[in-house]
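Good morning, and thank you for making time on the agenda. I would ask you to look at the model on the screen while I go through it.

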Amino acid sequence: MSSDPRLILITRPGCHLCEDAKAALDRVVAVTGDRWIEKDVTEDIGLEREYGDRLPVVLLDGKEHGYWRVEEQRLLRDLTTPQL
């Protein structure tokens with residue numbers, strides 16, 4: 001089993017929606033026990049090119065789950081539903 005977090009939040013400094021997303025992810029992982037990490041687009045040109053101003057972006061298991069706002073109930077469901 002991998003120790004890598006299932007959730008990645010892609011952000012930019014000074015982004016007020018990113019701060020809201022961090023709080024939302026904290027609420028979600030408080031329920032699920034998962035972890036999340038943050039990646040700053042200003043430190044990765046590839047992320048900057050891919051996501052630009054469409055931030056924050058939540059990645060779940062390496063795939064885009066959503067952007068601008070965290071859909072907490074949907075994310076909770078997706079984190080707790082067994083993968084087939």
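I begin with Glu43, which counts as exposed because its relative accessibility is 68%, where the threshold for that class is over 50%. Please bear in mind throughout that this is a predicted model. Glu43 sits in the loop that joins β2 to α2. Along the chain, Glu43 and Arg12 are 31 residues apart, and in space their C-alpha atoms are separated by 9.2 Å.

Let me turn next to helix α1, which covers residues 16–32. Does the length of this helix agree with its number of residues, or disagree? It agrees: with 1.5 Å a residue, the 17 residues should span 24 Å, and the C-alpha atoms at the two ends are 25 Å apart. For those checking the arithmetic, the expected span is 1.5 Å times one less than the number of residues. After α1 comes Gly33, and the phi of Gly33 is positive, near 85 degrees.

Which residues of α1 are buried? They are Leu17, Cys18, Ala21, Lys22, Ala24, Leu25, Val28 and Val29. The elements against which the buried residues of α1 pack are β1, residues 7–11, β2, residues 36–40, and α3, residues 72–80.

Ala21 is a useful example from this helix. Its relative accessible area is 3%, so Ala21 is buried, the limit being under 20%. Leaving aside residues up to four places away in sequence, Ala21 touches Leu9, Pro56 and Val70. Ala21 and Thr11 are ten residues apart along the chain, with 9.1 Å between their C-alpha atoms.

Two of those partners of Ala21, Pro56 and Val70, deserve a further word. Pro56 belongs to the loop between α2, residues 45–51, and β3, residues 57–60. The peptide bond leading from Leu55 into Pro56 is cis, and its omega is near 0 degrees. Val70, for its part, touches Ala21, Ala24, Leu25, Val58 and Leu75, again not counting residues up to four places away in sequence.

That brings me to the nonpolar cores. In soluble globular proteins, nonpolar side chains tend to be buried together. Here the largest nonpolar core has 14 residues, and those touching the most other members are Leu7, Leu9, Leu25, Trp36, Val70, Leu75 and Leu79. At least two residues of this core come from each of β1, α1, β3 and α3. It is α1 that gives the largest share, five residues. Another core lies apart from this one; it has eleven residues, including Ile8, Leu17, Cys18 and Val57.

Now to helix α3, and to Glu72 within it. Is Glu72 buried, exposed or partly exposed? It is partly exposed, because its relative accessible area is 25%, and that class falls between 20% and 50%. Among residues more than four places away in sequence, Glu72 touches Ala24, Arg27 and Val28. Of these, Arg27 is 45 residues from Glu72 in sequence, yet the two are 8.3 Å apart in space, C-alpha to C-alpha.

Next, the backbone. Two residues other than glycine have a positive phi that I wish to point out: Asp61, near 55 degrees, and Trp68, near 70 degrees. Asp61 is in the loop between β3 and β4, whereas Trp68 is in the loop between β4 and α3. Asp61 has a relative accessible area of 41% and is therefore partly exposed. Trp68, with 45%, is partly exposed as well.

Finally, I come to internal space. Rolling a probe the size of a water molecule over the atoms shows where empty space is left. How many cavities of 30 Å³ or more does the structure hold? It holds one, and the space in the largest cavity is about 50 Å³. The residues that line the largest cavity are Val58, His65, Gly66, Arg69, Val70, Glu71, Arg74 and Leu75. At least two of the lining residues come from β4, residues 63–67, and at least two from α3. Sorted by class, the lining comprises three nonpolar, two polar and three charged residues. Val70 and Leu75, which are in this lining, also appear among the residues of the largest nonpolar core that touch the most other members.

Thank you for your attention; I shall be glad to take questions.

Terms used:
Residues numbered from 1 in each chain as written. Predicted model: local features only at pLDDT ≥ 70, side-chain atom pairs only at ≥ 80, totals over all residues. Heavy atoms only, no water. Helix = DSSP H or I, 4+ residues; strand = E, 2+ residues; numbered from the N terminus. Buried < 20%, exposed > 50% of the residue type's maximum accessible area, 1.4 Å probe, protein only. Contact = heavy atoms within 4.5 Å. 1 Å grid on protein atoms, 1.4 Å probe; cavity = no way out; pocket = protein on both sides within 12 Å on 5 of 7 lines; lining within 4 Å. Points joined across faces, edges and corners; volume = space filled by probe spheres on them. Nonpolar A, V, L, I, M, F, W, Y, C, P; charged D, E, K, R; others polar. Core = buried A, V, L, I, M, F, W, Y, C linked by side-chain atoms within 4.5 Å.
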